[in-house]
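The report that follows describes how the helices of one model are arranged and which residue pairs connect them. Please read it alongside the sequence and the coordinates.

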Amino acid sequence: MPVTVGPYGQSQPSCFDRIRMGFMMGFAVGMAAGALFGTFSCLRIGMRGRELMGGVGKTMMQSGGTFGTFMAIGMGIRC
C-alpha cells in the first residue's frame, strides 16, 4: 500500500504513531487530573509529608495510565 503524501510533501503519521500520540496526550491529561484530585483526597484524609507525595504520585500514575489507555483505544478505532 503506498504512503499517502500531504500537500507539502510530508507523509502522514502511521497508525502506531497516532496510537502512541493518543496515549501520550491522554497520559498527560490524566496526570494533571490525578494531581488535582489526588492532592485534595490525600489532604482530606490527613496525609502529610512523604506519605502525601507517595499518595499523590500513585493517584497521578493510575489516572494517567487509565486515561491514556482509553485515548489510545480511541485513536486506534479512528485509524
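## Helix packing

In this predicted model, helices H1 and H2 are roughly antiparallel to each other, a description that follows from a crossing angle of roughly 150°, because angles over 145 degrees count as roughly antiparallel. Helix H1 covers residues 15-44 and helix H2 covers residues 49-78, and their axes come within 5 Å. The handedness of the crossing of H1 and H2 is right-handed. As for the composition of the contact between H1 and H2, its residues divide into 17 nonpolar, 14 polar and one charged.

In general terms, a packed pair of helices is described by two quantities, the angle between the axes and the distance between them.

## The annotated span

The UniProt record, an unreviewed entry, lists residues 23-43 under "transmembrane region". In the model this span is 100% helix and 0% strand, and the C-alpha atoms at its two ends lie 29 Å apart.

Phe23, the residue with which the listed span begins, is found in helix H1.

## Pairs distant in sequence

Several residue pairs that are separated along the chain can be followed through their C-alpha distances. Ile19, in helix H1, and Met75 are 56 residues apart in sequence, while their C-alpha atoms are 5.3 Å apart in space. For Phe23, also placed in helix H1, the partner is Thr69, 46 residues away along the chain, with a C-alpha separation of 6.0 Å. Gln62 has its place in helix H2, and its C-alpha atom is separated by 7.7 Å from that of Gly34, the two residues being 28 positions apart along the chain. Finally, Thr39 lies in helix H1 and is 16 residues from Gly55 along the chain, with 8.1 Å between the two C-alpha atoms.

The accessibility of these residues can be set beside the distances. Ile19 is partly exposed, with a relative accessible area of 28%, and Phe23 is likewise partly exposed, with a value of 29%. Thr39 counts as partly exposed at 28% relative accessibility, and Gln62 counts as partly exposed at 47%; these assignments follow because partly exposed denotes the range between the buried limit of 20% and the exposed limit of 50%.

## The salt bridge

How many salt bridges does a search of the whole structure find? The search finds one, formed by Asp17 with Arg20, whose closest N and O atoms are 3.0 Å apart. That distance satisfies the criterion, because a salt bridge requires a side-chain nitrogen of Lys or Arg within 4 Å of a carboxyl oxygen of Asp or Glu.

Where do Asp17 and Arg20 stand relative to each other in helix H1? Asp17 and Arg20 are three residues apart in helix H1, and therefore they are separated by about one helical turn. Asp17 counts as partly exposed at 28% relative accessibility, and Arg20 counts as partly exposed at 47%.

Terms used: Residues numbered from 1 in each chain as written. Predicted model: local features only at pLDDT ≥ 70, side-chain atom pairs only at ≥ 80, totals over all residues. Heavy atoms only, no water. UniProt positions renumbered as here; feature names shortened; annotations may be inferred. Helix = DSSP H or I, 4+ residues; strand = E, 2+ residues; numbered from the N terminus. Axes fitted to C-alpha atoms, helices over the stretch in contact; angles between N-to-C directions. Parallel < 35°, antiparallel > 145°, perpendicular 65-115°, else oblique. Left-handed = near helix turned anticlockwise from the far one by under 90°. Nonpolar A, V, L, I, M, F, W, Y, C, P; charged D, E, K, R; others polar. Buried < 20%, exposed > 50% of the residue type's maximum accessible area, 1.4 Å probe, protein only.
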